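The following exercises concern the sheet and the nonpolar cores of one protein chain. Please examine the sequence and the model before attempting each task.

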Amino acid sequence: MKKFLFIIGSLRTKSFNRQVANEAKNAIGDRAEVSELDYSDLPLLNQDIEQPEPAAVSRIRKAVSESDAIWIFTPEYNLSYPGHLKNLLDWLSRPVIPMDYGTPTCINGKRVAISGAGGKEATANSRAKLTELLTFIKAKVLPEQIGIAVPAEAWGTDVLILTDEQKVELKALADKLVN
(Lines give C-alpha, C1' and ligand atoms only; values in the text may rest on other atoms or scores of the structure.)
Protein backbone atom coordinates (compact mmCIF):
# COMPACT_ATOMS: atom_id res chain seq x y z
CA MET A 1 0.00 0.00 0.00
CA LYS A 2 1.26 3.50 -0.84
CA LYS A 3 2.30 5.83 1.96
CA PHE A 4 1.48 9.53 1.82
CA LEU A 5 2.95 12.07 4.18
CA PHE A 6 0.89 15.17 4.89
CA ILE A 7 2.72 18.33 5.92
CA ILE A 8 0.53 21.02 7.43
CA GLY A 9 2.10 24.47 7.08
CA SER A 10 0.22 25.82 10.07
CA LEU A 11 1.02 24.51 13.53
CA ARG A 12 -2.35 25.72 14.86
CA THR A 13 -4.61 22.90 16.05
CA LYS A 14 -7.73 24.31 14.39
CA SER A 15 -5.95 25.55 11.28
CA PHE A 16 -7.92 25.75 8.06
CA ASN A 17 -5.17 23.82 6.30
CA ARG A 18 -5.46 20.98 8.80
CA GLN A 19 -9.18 20.90 8.03
CA VAL A 20 -8.45 20.74 4.29
CA ALA A 21 -5.93 17.95 4.97
CA ASN A 22 -8.58 15.99 6.84
CA GLU A 23 -10.90 16.31 3.84
CA ALA A 24 -8.07 15.19 1.55
CA LYS A 25 -7.46 12.19 3.77
CA ASN A 26 -11.13 11.27 3.41
CA ALA A 27 -10.81 11.65 -0.37
CA ILE A 28 -7.89 9.22 -0.39
CA GLY A 29 -9.79 6.77 1.77
CA ASP A 30 -8.25 3.31 2.04
CA ARG A 31 -6.25 3.66 -1.19
CA ALA A 32 -3.13 4.76 0.72
CA GLU A 33 -1.79 5.00 4.23
CA VAL A 34 -1.79 8.66 5.28
CA SER A 35 0.23 10.11 8.12
CA GLU A 36 0.79 13.68 9.23
CA LEU A 37 4.32 14.87 9.85
CA ASP A 38 4.83 16.40 13.27
CA TYR A 39 7.72 18.80 12.94
CA SER A 40 6.90 21.07 15.87
CA ASP A 41 10.11 20.02 17.67
CA LEU A 42 12.40 20.65 14.70
CA PRO A 43 15.27 22.98 15.62
CA LEU A 44 16.20 25.90 13.42
CA LEU A 45 18.70 24.88 10.75
CA ASN A 46 22.16 25.58 12.11
CA GLN A 47 25.33 23.99 10.76
CA ASP A 48 26.71 23.88 14.32
CA ILE A 49 24.14 21.20 15.18
CA GLU A 50 23.78 19.60 11.75
CA GLN A 51 26.08 16.64 12.47
CA PRO A 52 25.38 14.45 14.20
CA GLU A 53 21.85 15.22 13.14
CA PRO A 54 19.33 15.99 15.88
CA ALA A 55 16.83 13.23 16.70
CA ALA A 56 13.94 15.26 15.25
CA VAL A 57 15.80 15.57 11.93
CA SER A 58 16.46 11.82 11.82
CA ARG A 59 12.79 11.07 12.51
CA ILE A 60 11.60 13.52 9.86
CA ARG A 61 14.04 12.34 7.20
CA LYS A 62 12.96 8.76 7.85
CA ALA A 63 9.28 9.68 7.46
CA VAL A 64 9.97 11.53 4.20
CA SER A 65 12.18 8.74 2.85
CA GLU A 66 9.55 6.09 3.59
CA SER A 67 6.72 8.03 1.93
CA ASP A 68 5.70 7.54 -1.68
CA ALA A 69 4.45 11.11 -1.94
CA ILE A 70 4.00 14.27 0.10
CA TRP A 71 1.02 16.60 0.21
CA ILE A 72 1.69 20.05 1.63
CA PHE A 73 -1.19 22.18 2.92
CA THR A 74 0.04 25.72 3.43
CA PRO A 75 -1.35 29.03 4.60
CA GLU A 76 0.03 32.30 3.31
CA TYR A 77 1.95 34.56 5.67
CA ASN A 78 2.93 37.96 4.24
CA LEU A 79 2.82 36.78 0.60
CA SER A 80 4.80 33.59 1.30
CA TYR A 81 4.78 30.30 3.18
CA PRO A 82 5.41 30.11 6.95
CA GLY A 83 8.98 30.27 8.28
CA HIS A 84 8.69 26.94 10.10
CA LEU A 85 7.75 25.25 6.81
CA LYS A 86 10.80 26.83 5.15
CA ASN A 87 12.96 25.56 8.02
CA LEU A 88 11.60 22.03 7.52
CA LEU A 89 12.33 22.12 3.79
CA ASP A 90 15.80 23.52 4.45
CA TRP A 91 16.56 20.53 6.68
CA LEU A 92 15.20 18.16 4.02
CA SER A 93 17.44 19.76 1.39
CA ARG A 94 20.63 19.08 3.35
CA PRO A 95 22.80 16.05 2.50
CA VAL A 96 22.03 12.95 4.52
CA ILE A 97 25.68 11.91 4.28
CA PRO A 98 27.67 14.70 5.95
CA MET A 99 29.24 17.10 3.45
CA ASP A 100 28.41 14.83 0.50
CA TYR A 101 26.56 17.25 -1.76
CA GLY A 102 26.64 14.82 -4.68
CA THR A 103 24.20 12.32 -3.19
CA PRO A 104 20.43 12.77 -3.32
CA THR A 105 18.63 14.23 -0.33
CA CYS A 106 15.61 12.53 1.19
CA ILE A 107 13.23 14.86 -0.72
CA ASN A 108 15.05 14.57 -4.04
CA GLY A 109 12.65 13.09 -6.62
CA LYS A 110 9.76 12.89 -4.17
CA ARG A 111 6.32 13.62 -5.66
CA VAL A 112 4.73 16.61 -3.93
CA ALA A 113 1.20 17.99 -4.15
CA ILE A 114 0.46 21.49 -2.87
CA SER A 115 -2.79 22.93 -1.55
CA GLY A 116 -3.51 25.95 0.56
CA ALA A 117 -6.30 27.69 2.39
CA GLY A 118 -6.01 31.34 3.28
CA GLY A 119 -7.16 34.85 2.44
CA LYS A 120 -8.79 36.18 -0.69
CA GLU A 121 -5.77 35.30 -2.86
CA ALA A 122 -6.32 31.60 -1.98
CA THR A 123 -2.60 31.22 -1.08
CA ALA A 124 -1.50 31.87 -4.68
CA ASN A 125 1.72 33.60 -3.62
CA SER A 126 2.58 30.98 -1.03
CA ARG A 127 1.98 28.13 -3.44
CA ALA A 128 4.01 29.78 -6.20
CA LYS A 129 7.00 30.39 -3.94
CA LEU A 130 6.72 26.92 -2.45
CA THR A 131 6.69 25.44 -5.96
CA GLU A 132 9.84 27.40 -6.77
CA LEU A 133 11.62 26.18 -3.62
CA LEU A 134 10.54 22.56 -4.01
CA THR A 135 11.62 22.53 -7.65
CA PHE A 136 14.99 23.97 -6.65
CA ILE A 137 15.55 21.18 -4.08
CA LYS A 138 14.62 18.64 -6.77
CA ALA A 139 11.20 17.49 -5.58
CA LYS A 140 8.71 16.58 -8.31
CA VAL A 141 5.89 19.07 -7.82
CA LEU A 142 2.55 18.14 -9.33
CA PRO A 143 1.31 20.94 -11.61
CA GLU A 144 -2.24 20.67 -10.26
CA GLN A 145 -2.73 22.74 -7.10
CA ILE A 146 -5.69 23.76 -5.02
CA GLY A 147 -6.12 27.21 -3.54
CA ILE A 148 -9.01 27.91 -1.21
CA ALA A 149 -10.12 31.40 -0.21
CA VAL A 150 -11.43 31.10 3.33
CA PRO A 151 -14.85 32.77 3.65
CA ALA A 152 -15.04 35.75 6.02
CA GLU A 153 -17.34 34.00 8.50
CA ALA A 154 -14.89 31.12 8.98
CA TRP A 155 -12.21 33.44 10.42
CA GLY A 156 -14.46 34.01 13.45
CA THR A 157 -15.48 30.40 13.97
CA ASP A 158 -12.32 28.49 13.00
CA VAL A 159 -14.57 26.19 10.96
CA LEU A 160 -13.99 25.87 7.23
CA ILE A 161 -16.87 24.41 5.29
CA LEU A 162 -15.71 23.35 1.85
CA THR A 163 -17.97 23.70 -1.16
CA ASP A 164 -18.90 20.68 -3.23
CA GLU A 165 -16.64 22.04 -5.99
CA GLN A 166 -13.68 22.27 -3.60
CA LYS A 167 -14.30 18.70 -2.44
CA VAL A 168 -14.32 17.55 -6.07
CA GLU A 169 -10.99 19.34 -6.65
CA LEU A 170 -9.48 17.66 -3.59
CA LYS A 171 -10.74 14.28 -4.76
CA ALA A 172 -9.24 14.85 -8.22
CA LEU A 173 -5.86 15.76 -6.73
CA ALA A 174 -6.07 12.77 -4.38
CA ASP A 175 -6.77 10.54 -7.39
CA LYS A 176 -3.77 12.03 -9.23
CA LEU A 177 -1.53 11.38 -6.23
CA VAL A 178 -2.79 7.81 -5.78
CA ASN A 179 -2.30 6.98 -9.47
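Two strands pair if DSSP finds at least two bridges between them. The model is predicted.

**Exercise 1.** Determine the order in which the strands form the sheet, and explain why S2 and S5 each have one side without a neighbour.

*Solution.* Step 1: the sheet is open and consists of 5 strands in the order S2-S1-S3-S4-S5, with parallel pairing. Step 2: S2 (32–36) and S5 (140–149) stand at the edges; each has a single partner strand, so one side of each lacks a neighbour in the sheet. Step 3: from one strand to the next, the twist averages 20°.

**Exercise 2.** Describe the pairing of S4 with S5, and state which residue stands opposite Ile 114.

*Solution.* Step 1: S4 (residues 111–118) pairs with S5 in the parallel sense over 7 bridges. Step 2: the residue opposite Ile 114 is Gln 145 in S5.

**Exercise 3.** Identify the strands that helix H1 touches.

*Solution.* Step 1: H1 (residues 16–28) packs on the sheet and touches S1 (2–8), S2, S3 (69–73), S4 and S5. Step 2: the direction of H1 makes about 165° with that of S1.

**Exercise 4.** Describe the largest nonpolar core.

*Solution.* Step 1: this core has 28 residues, of which Phe 4, Phe 6, Val 20, Ile 28, Trp 71 and Phe 73 touch the most other members. Step 2: two or more residues come from each of S1, H1, S2, S3, S4, S5 and helix H6 (164–178). Step 3: H1 gives the largest share, 6 residues. Step 4: a second, separate core of 27 residues includes Leu 85, Leu 88, Ile 107 and Ile 137.

Definitions and conventions. Residues are numbered from 1 along each chain as its sequence is written. This is a predicted model: local features need pLDDT of at least 70, side-chain atom pairs count only at pLDDT 80 or more; totals for chains, interfaces and linings use all residues. Side-chain values use heavy atoms; hydrogens and water are left out. Helices (H or I, at least four residues) and strands (E, at least two) are DSSP runs, numbered from the N terminus. Axes are lines fitted to C-alpha atoms, for helices over the stretch in contact, and angles run from 0 to 180 degrees between N-to-C directions. Contact means heavy atoms within 4.5 Å. A nonpolar core is a set of buried Ala, Val, Leu, Ile, Met, Phe, Trp, Tyr and Cys residues joined through side-chain atoms within 4.5 Å. Buried means under 20% relative accessible area, exposed over 50%, partly exposed in between (1.4 Å probe, protein chains only).
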